[in-house]
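Hi everyone, thanks for making time. I'd like to walk you through one structure today, so let me put it up on the screen.

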Amino acid sequence: MKKALFSFLAALFLISPVQAQDCYSDSDSVQSQQSILPLQPQQVEHSRKKVAVVLSGGGALGAIHVGALKVIEEAGIPVDMVVGTSMGSIVGALYSVGYNSKDIATMFRTMDWVELFLDRNAQHRLTLSERDEQNTYFYERDFYVGEAEDPRPGGVIRGANVERVFGYYLKDYADSINFLNDMPRQFACVATDLVDDEQVILTKGSLVKSIRSSMSIPGVFTPVRMGDMVLVDGGAKNNFAADVARELGADIVIGVKFDGVINPNKQFRSLMDVMERSAGSDVSRRSKENEKYCDLLIKVPVTGYSSGSFSRNALDSLMKRGEDATREKLDTLMMLKAQVGSNSMNITHPREIVDVLNIEDDEKGLLDLRKNNTIVASIGARYDNEDIVAFQLNGHYYLGGKVNKDLDLTLRLGLRSMLRLGFDMEPWKFKKMGLGYEIWYKYSDLYTLGHRSANMSVIYQKANVKLFSLDAMNFDCELGLGWEHYHFFKELWNEHNDIEFYRNEHYFNYHVRLRYNNEDNHYFTRRGIRAEAQYAYYTDNFAQWNGHSGFSTLMAMWQMTFALAHNTHIRPRLQTRMVFGDDVPTTAFNVCGGPTYGKYFPQQLPLEGFGHSEFFDSKFISASLRLQQRIIGRHYAMLDAGIAEHNNKLGDIFNRKPIWGVQLGYYYNSGFAGPLGASIGWSSHTHRVHFYVSLGLDF
């Protein structure tokens, strides 16, 4: 899975094409536009020769530039100008505004590159319902309807996170500026204009938009529109722009590029081999021709790595290779330093290195970009050793209008299959009313004291009238009226079973739900609080249940995550569910077990050490503690311990011997695909070891 993930990222960064075109626009043929300046910079007096560093594209291979810059700094070479393409433009922009090689190396190591290249929001940017969706689906795509404007034209990914993250690091230089006059070091980057199929040199305007243009792989990232131009990755025209550095007035040019030597015996059997050779090799004719403009050319061997090698170990190795290859040229560097006749420039970085995925800012979230008459389609997939394989598809149709309206359709396929329809209106911002209906087919096993006691199949239907709903950033509440119906059509019991089901059960309910959540991550939380409370009153005729007062349920949960150390976090949790009333149907009983809420029954509560669902008494309470340890990179170990009490009388709930359980798990944070891992658990109630494999987002 990890290899496949980084192979996907390989397609997200274009390296120079093998079939490079000979024709490209000279500076005189490029019309002056916003963010564009002809290749003659304003004259700046220099008491010494002007030094330029040229950085090529290459996706993850661009990490070699960081190691090369480290040695250039140590040699005391004053860098006046940086010219970059694609990933080289990102490194070059950071270096030009004042970050040094150590700062950029820290960014490369700590950056979540998977999330960076996806259109996913940080948790604090979303309402709770939007978080639920993002934590369910690994891919989301917007489509326009009728004459509405396509919200994602010309590309699969908007690149909004790229702009947000580098907008933070380049904040002081992100607006309309002249890159040749207004920055500590002069800067230029190369993009390709799809309109006239020519290279464009970006030296003015928005620094963030410029580097976003330079790395926008056609068809993958949405092109950047500047005036009449539609800009994509500069690697399609000039992946090693040493000629641009000369035309911008550089006296000495130091070029850094990866050595794209191809094994003559390579058979190109895999798709990635063919893609990287046909659309990503750094041996294009123009790239080779531009080597003649360099006073020093540093070619770094990258055998064993690709443009998608964004793992921390790979990036560290690539930075080290860039450093080693540059040290081999140290004698030449010192000769160039003597020609320059000056010590290195004293430039310091303007901004501390932070966790870029949780940057606090005032910008709107990605979902605010959705416009009227758009369809948002999402897909989710998962595997576990109980449900086997499951897929879920969702479509939102935003009708807009004076009262914002949207239609929702969800389809789940697997051992538990579901169809859901919904319609919501938003008369006021964050305040909604609506209708919903869903129907499930559920096949599940029930356990008694750890022994499987029943196999059953059920058709479950649910309708909901949302009388009032407040859906805000960290808080939501809902007041509504519901209807539920269970039809059991296949039941297999054994000697362990002591539960009775009626063939058909249905009831109406009045309910209210409150939720609060400011956690930074749903699956690998490092900080924040999540709390929920629900109350429902059940009847069979809107007033009574079986000729007497209805029964009611109360559920509450609270958990808080905080750090013990930088990579060690602890999460205590309290949860309870109480059922009050007489003649309560079996389908409303407390159900506990499994890793997540509502896995097999709507009211199901997770319980440490339990792998399956089991019915408990009407009054249930539990407490648990999780220790989460980030091992290295995206690898995590989790240790959970919990204790629970249950009884049919609230006053006697602590009179029984408590139930306790433990479980130990390992998970890999794949980012967009969710957690991949397994856990093993044991409980004093079942006296059985349970092994659970889970791959993907929960739904």
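I'll talk about a helix pair, then the cysteines, then two loop residues. Keep in mind that this is a predicted model.

Let's begin with helix 2, residues 64–74, and helix 12, residues 312–327. Their axes are 6 Å apart and make an angle of about 40°. Angles under 35 degrees would count as roughly parallel, and so this pair is oblique instead. The crossing of helix 2 and helix 12 is right-handed.

Who actually meets whom here? On the helix 2 side we have I64, V66, G67, A68, K70, V71, I72 and E74. They meet L318, M319, G322, E323, T326 and R327 of helix 12. Sorted by class, that contact has seven nonpolar, three polar and four charged residues.

Now the cysteines. How many disulfides does a search of the whole structure find? Zero. Two cysteines I'd like to point out are C189, buried at a relative accessible area of 0%, and C294, which at 14% also counts as buried, because the cut-off is under 20%.

Last, some backbone angles for the torsion fans. Most residues other than glycine have a negative phi. D583 is not a glycine, yet its phi is positive, about 60°. You'll find D583 in the loop between strand 24 (568–580) and strand 25 (590–592), and at 46% relative accessibility it counts as partly exposed.

H687 also has a positive phi, near 55°. H687 lies in the loop between strand 30 (675–683) and strand 31 (689–696), and with a relative accessible area of 57% it is exposed.

That's my tour, thanks for listening!

Terms used. Residues numbered from 1 in each chain as written. Predicted model: local features only at pLDDT ≥ 70, side-chain atom pairs only at ≥ 80, totals over all residues. Heavy atoms only, no water. Disulfide = S-S within 2.5 Å. Buried < 20%, exposed > 50% of the residue type's maximum accessible area, 1.4 Å probe, protein only. Axes fitted to C-alpha atoms, helices over the stretch in contact; angles between N-to-C directions. Helix = DSSP H or I, 4+ residues; strand = E, 2+ residues; numbered from the N terminus. Parallel < 35°, antiparallel > 145°, perpendicular 65-115°, else oblique. Left-handed = near helix turned anticlockwise from the far one by under 90°. Contact = heavy atoms within 4.5 Å. Nonpolar A, V, L, I, M, F, W, Y, C, P; charged D, E, K, R; others polar.
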